[in-house]
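Work through the following exercises on aromatic rings with the model beside you, and try each task before you read its solution.

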Amino acid sequence: MFELKVLTDFSAAHQLTMVAKKCENLHGHNWRVEVCVKGDRLNDAGVLMDFGILKGYIREVMDQLDHRFLNELPCFENTPPSSENIAVYIADCLKTKITDPGVVVSQVTTWESDNACAIYCPPVS
């Protein structure tokens with residue numbers, strides 16, 4: 001099994017309800033995001049997937065989130081924009097973009113601070 005990891009970031013504001021009172025206020029984070037994809041076979045070029053292509057897909061998703069008020073985005077209309085749900089959103093978006101045979105999103109980690117993150121591991125389908 002091979003795994004690739006790409007690190008990226010975005011800045012955005014959100015407002016959560018029914019959590020710690022501090023987080024119920026409008027506030028922002030400089031999220032650091034780790035995306036991992038995995039697969040068991042290398043392609044003819046000897047790589048799991050081209051890093052440049054993967055980074056391009058990730059940048060497309062980050063551009064949808066960067067410098068936004070996440071609560072106002074359609075993707076979070078019925079879902080709180082928590083770090084956990086942001087990780088799910090990123091994984092789901094990438095799942096539709098990655099078409100390389102046998103390559104799947106294995107993990108998305110969203111760091112909202114230097115010492116707090118959420119990790120999402122999509123189910124294998």
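**Exercise 1.** Decide whether Phe10 is buried or exposed.

Solution. Phe10 has 1% relative accessibility, and because buried means under 20% relative accessible area, exposed over 50% and partly exposed in between (1.4 Å probe, protein chains only), Phe10 counts as buried. This is a predicted model, in which local features need pLDDT of at least 70, side-chain atom pairs count only at pLDDT 80 or more, and totals for chains, interfaces and linings use all residues. Residues are numbered from 1 along each chain as its sequence is written, and side-chain values use heavy atoms, with hydrogens and water left out.

**Exercise 2.** Find the aromatic pairs and classify each of them.

Solution. Rings of Phe, Tyr and Trp (its six-membered ring) pair if their centres lie within 6.5 Å, and planes under 30 degrees apart count as stacked, over 60 as edge-to-face and the rest as tilted. The structure holds 2 aromatic pairs. Phe10 and Trp31 are stacked, with 5.0 Å centre to centre and 10° between the planes. Phe76 and Tyr89 are tilted, with 5.6 Å centre to centre and 55° between the planes.

**Exercise 3.** Explain why the pair of Phe76 and Tyr89 ties together parts that are apart in sequence.

Solution. Phe76 lies in the loop between β3 (68–69) and α3 (83–97), whereas Tyr89 lies in helix α3, so the pair ties together parts that are 13 residues apart in sequence; here helices (H or I, at least four residues) and strands (E, at least two) are DSSP runs, numbered from the N terminus. Phe76 is buried at a relative accessible area of 5%, and Tyr89 counts as buried at 15%.
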